[in-house]
Amino acid sequence: MRDLRRFSAMETKSWEELIFGISKHPLKYGFDLEVGNGEVVPEIKYFPRRGGEDDPETLKREYREITDNILRRAVDQGIPSIQLETEQTFMVTKKPVLGGEITSIQKSVIEEYVEEYGLKCALRVTVADIRELEGNMRDSKEVAQMYESFDKAAENGADVLSLESIGGKEVFNYSVIRQDMEGVLFSVGILGSLDMEFLWREIVQIASKQGAIAGGDTDCAHSNSAMVLAGGLLTNILSHTFAAVVRAVGAARSLVAYEQGATGPGKDCGYENVILKAITGLPIAMEGKSSASAHSSLVGNVAAAACDLWSNEQVENTRLYGGWAPQVFTEILGYNTSLMNAALNEGLEARLRDLFVAANPLDPQVLVLSPGGAWDIGKAIITHPDDYYLRAKDAAYEALEVTAQGYQKRGRKLSPSESGVFQRIKRVLDKTPDNYDAFVEESLGSYMDKVKGFAPSNYGL
């Protein structure tokens, strides 16, 4: 049995160590690609045209074309280093052999560009979480297909393996629309963490066996859902304060992958990655303004403050005036990262980082993702390295503190509605028990009858 790594001390010594392109523990993999060693690398994400999945040969041909188009644009624009990310569709994950064939095709195209142009490059493959929330989450055909897809991807040349796991989402969906903080602590902090522990134990072993890197998970299922529901300044369904606290709890959950042996680089759509970089010192991918084609947010600039890979989220392989969309976004990412790298070369990285933080609307979500707020939340999480519940609870408390201090520092106040949610979250945290077993027992009694399809056995409870 592999020993778990528990983070009981911060790998970074202060928030000032959180800066783009620089990690305490840089990585080198793929074709001489270095991440976190003084350079920010673009990571391009793409999706095949809709309707092409029905024919495997058409799909494979499209992935070859996408890969070739991206790398041709990278070389044409003088981009020296790049990482590609293929997020498998549900259909591809359900056909592990096909997923392996796609990976092999992409890797062969990458090799051609490496040999001809000296491009530094790597490939991340993200397997889809195809499990049914109301089904068997631990011992099912879908779980076996996911593990086989990881294995086939790594066997065929994937350098980094990642996942967006969904554990706890059935309870979270019930809780988020009610702004139920107890439900968030239970669904994200406990159920999500237990599910991550189950999945990443095996994913890390698969990666190790095949010579790949276990990159990490993202809290898309919970934190990104809350962020999207929170919306912008005009239209929102969910309190921004509530979404910020969910993100902090999501960081406590996403840390589990690293405890199981993942080494990063963290996957881009995990906006909580900045908190994880503060704790682990490992490189991270982030996305923000360059992902506006996929979703809107208020954190488009602050997300770049500590990134090591800078990504665009999914963009469909459709034709634009400037070329195919993945080509266009490759160029956009190239210019984004070249600015950050110029700042690094000129010794101006701290100034640009601080401008990235300043150049966003004042919002609780921005504050928890700023280097200072992220470091403080990370410090709160590691106070309880062995207790999924207490570290999630302390992360939530710290998110409130970061929000309060952030507004006070700027001479501003939360709106009356946000202030009301802030106080309500604090009251909930104050009254919840400080004991894991007591909270789990209380939560099981509460959500077993309320949430259709929730099965404690899916989480080893």
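**Exercise 1. Which residues form one aromatic cluster?**

Before solving it, a word on the model: it is predicted, so local features need pLDDT of at least 70 and side-chain atom pairs count only at pLDDT 80 or more, while totals for chains, interfaces and linings use all residues. Residues are numbered from 1 along each chain as its sequence is written, and side-chain values use heavy atoms, with hydrogens and water left out.

Step 1: get the pairing rule straight. Rings of Phe, Tyr and Trp (its six-membered ring) pair if their centres lie within 6.5 Å; planes under 30 degrees apart are stacked, over 60 edge-to-face, and the rest tilted.

Step 2: apply it. You end up with eight aromatic pairs. One of them is Y174 with Y447, edge-to-face at 6.2 Å centre to centre and 80° between the planes. This pair ties together distant parts of the chain, 273 residues apart: Y174 is in helix α5 (residues 169-176) and Y447 in helix α16 (residues 436-447). (Helices are DSSP runs of H or I, at least four residues, numbered from the N terminus.)

Step 3: try another pair. F186 and F439 are also edge-to-face, at 6.5 Å and 70°. Here F186 of helix α6 (residues 181-210) meets F439 of α16, 253 residues along the chain.

Step 4: read off the cluster, which is Y174, F186, Y389, F439, Y447, F454 and Y459.

**Exercise 2. Decide whether the paired rings are buried or exposed, then look for charges over them.**

Step 1: buried means under 20% relative accessible area, exposed over 50%, and partly exposed in between (1.4 Å probe, protein chains only). Y174 and Y447 are both buried, and so are F186 and F439. For contrast, take S446, also in α16: S446 is partly exposed, because its relative accessible area is 24%.

Step 2: a charge sits over a ring if NZ of Lys or CZ of Arg is within 6 Å of the ring centre and within 35 degrees of the ring normal. R178 lies over the face of Y174, 3.7 Å from the ring centre, and K450 lies over Y447 at 5.7 Å.

**Exercise 3. Describe how α6 packs on α8.**

Step 1: helix α8 covers residues 240-259, and its axis runs 8 Å from that of α6 at an angle of about 20°. (Axes are lines fitted to C-alpha atoms over the stretch in contact, with angles from 0 to 180 degrees between N-to-C directions.)

Step 2: that makes the two helices roughly parallel, a label for angles under 35 degrees.

Notes
Angles under 35 degrees count as roughly parallel, over 145 as roughly antiparallel, 65 to 115 as roughly perpendicular and the rest as oblique.
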